[in-house]
Structure formats: C-alpha cells, structure tokens
Amino acid sequence: MKKFRKNEEIRVPKLRVVDHEGEQLGVISRDEALRKAEAVGLDLIEVSPNAEPPVCRIDDFGSFMFRKKKAEKKQKLASKKAVLKSIRFGIRISDHDLGVKIAQARKFLEKNHPVRILLQFRGREAMHADLGMEKIKEVETQLSDISKPEAPPRRQGNRVNMILRPEKPKANKN
C-alpha cells in the first residue's frame with residue numbers, strides 16, 4: 001500500500017487543497033492548510049504528491065486509509081484469475097443438447113474463462129473416433145468467433161480433449 005504523508009510530514013510550501021466535503025479551496029500555503037485542517041479537527045493528507053502543486057485533502061486519516069484499503073481490495077477481487085471450466089458430452093448427444101452445451105461454453109468464454117471440451121466414448125463407441133472428432137470440430141467452429149483452440153483435439157484413451165481459450169474480438173481498422 002502506498003504511504004501517504006500527513007500534517008507536519010508535508011514539506012511543500014504551496015498546496016492545492018480539497019476540504020472534507022470535497023470543495024476546492026484552491027492553492028494555499030502549507031501553514032494555512034494545516035490551520036484549516038486543525039480548525040475542523042481533521043488531518044491534512046497529501047493525496048497526489050507528483051501534481052504541480054501537490055494535492056492535499058482535509059480528512060480523517062484513519063477513515064481515509066480505510067476507504068483506500070477497501071477500494072484496493074475491491075479492485076483485487078475484480079482482477080480474479082480465470083478458472084478452467086469443463087464441458088463434457090458423449091458421441092450420441094442430440095443436436096439440441098449439444099446446442100445447450102455450446103451456449104454454456106460461450107458463457108464461460110465471455111467471462112474470460114478457458115473451456116475444456118471433453119468428448120467421452122462409452123463401450124464400443126470408441127471404434128467410431130471419426131464421429132467424435134466431427135462433434136468436437138463442430139463445437140470448435142460454432143465457438144470460433146470468441147475463442148481459439150490451444151491445441152488440436154487429442155485422443156486420450158476413451159476421451160477426446162480440446163481446450164479453447166477466449167479471444168479478444170478484433171477491432172475494426174476503418
């Protein structure tokens with residue numbers, strides 16, 4: 001967390017000051033800003049030290065730090081890591097059910113999660129691996145507008161695996 005200077009720690013002679021109600025007080029001297037902060041029983045906090053002149057705020061330091069930590073925590077939660085989601089189906093899935101699975105995969109991809117497409121063969125279905133590959137390719141083509149495959153579909157025993165990564169839509173260069 002960023003360290004904020006307050007009250008006597010601020011050494012700059014001229015400051016742009018914002019009071020505790022959000023009103024601009026303008027550019028005033030450091031001593032006058034400290035007097036105004038003391039008059040309302042609050043602290044003078046240096047918010048933006050790199051500005052010209054530096055910006056300070058008259059506020060309670062404890063509640064100011066609480067709000068900053070809360071905003072930082074909220075921002076951290078918003079940048080959560082993507083989790084690998086799985087969609088699983090068999091070779092004999094109906095067209096409608098496959099459409100539902102594709103819609104679910106689309107939702108995951110729109111939320112920026114990678115999706116593992118898993119086709120499961122049961123019993124003697126494994127003899128028809130070409131039909132399984134067709135189903136996987138169908139899923140890939142229907143989701144090609146928002147995703148790209150990490151690798152071509154791979155057969156592993158009685159399963160066919162493929163991972164789709166979300167892809168950012170291309171911006172028009174017109």
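**View 1. Strand 1 meets strand 4.** In strand 4, Cys56 serves as the bridge partner of Val17. Please keep in mind that everything shown here comes from a predicted model. The bridge partner of Val18, also in strand 4, is Arg57. Three bridges in total link strand 1 with strand 4 (residues 55-59), and the two run parallel.

**View 2. The hairpin of strand 1 and strand 2.** Strand 1 (residues 14-18) and strand 2 (residues 24-29) run antiparallel and are joined by five bridges. Look for Lys14, which stands opposite Ser29 in strand 2. Five residues lie between the two strands of this hairpin, and Gly22 in the turn has a positive phi of about 90°.

**View 3. The four-stranded sheet and the helices packed on it.** Stepping back a little, we find an open sheet of four strands in the order 2-1-4-3, with mixed pairing. Strand 2 and strand 3 (43-48) stand at the edges; each has a single partner strand, so one side of each is left without a neighbour in the sheet. On average, neighbouring strands of this sheet are turned by 35° against each other, direction ignored. Helix 1 (residues 30-39) packs on the sheet and touches strand 1, strand 2, strand 3 and strand 4. The direction of helix 1 makes about 130° with that of strand 2. Helix 2 (residues 61-78) also packs on the sheet, touching strand 3 and strand 4, and its direction makes about 115° with that of strand 4.

**View 4. The largest nonpolar core.** This core has 21 residues. Those with the most contacts inside it are Ile87, Phe89, Val115, Ile117, Val139 and Leu143. Two or more residues come from each of strand 5 (85-90), helix 3 (95-110), strand 6 (115-120), helix 4 (129-142) and strand 9 (159-166). Helix 3 gives the most, with five residues. A second, separate core holds 10 residues, among them Val17, Ile28, Leu34 and Ile58.

**View 5. The surroundings of Ile87.** Which residues is Ile87 in contact with, leaving aside its neighbours within four places in sequence? They are Lys101, Gln104, Ala105, Phe108, Val115, Arg116, Ile117 and Leu118. Two of these names, Val115 and Ile117, will be familiar from the list of residues with the most contacts inside the largest core.

**View 6. Helix 3 crossing helix 4.** Two packed helices are described by the angle between their axes and the distance between the axes. Here the axes of helix 3 and helix 4 come within 10 Å and cross at roughly 45°. The two helices are therefore oblique to each other, and their crossing is right-handed. At the meeting place, helix 3 brings Asp95, Leu98, Ile102 and Arg106, while helix 4 brings Lys135, Glu138, Val139 and Gln142.

**View 7. Pro149 and Glu140.** Pro149 is found in strand 7 (residues 147-149), and Glu140 in helix 4. Is each of them buried or exposed? Pro149 is partly exposed, with a relative accessible area of 33%, whereas Glu140 is buried, because its relative accessible area of 17% falls under the 20% cut-off. Not counting residues up to four places away in sequence, Pro149 touches Glu140, Met162, Ile163 and Leu164. Glu140, with its neighbours within four places left aside, is in contact with Pro149 and Met162. To finish, find Arg165: this residue and Pro149 are 16 residues apart in sequence and 6.1 Å apart in space, C-alpha to C-alpha.

Conventions. Residues numbered from 1 in each chain as written. Predicted model: local features only at pLDDT ≥ 70, side-chain atom pairs only at ≥ 80, totals over all residues. Heavy atoms only, no water. Core = buried A, V, L, I, M, F, W, Y, C linked by side-chain atoms within 4.5 Å. Buried < 20%, exposed > 50% of the residue type's maximum accessible area, 1.4 Å probe, protein only. Contact = heavy atoms within 4.5 Å. Pairing = 2+ DSSP bridges. Axes fitted to C-alpha atoms, helices over the stretch in contact; angles between N-to-C directions. Parallel < 35°, antiparallel > 145°, perpendicular 65-115°, else oblique. Left-handed = near helix turned anticlockwise from the far one by under 90°.
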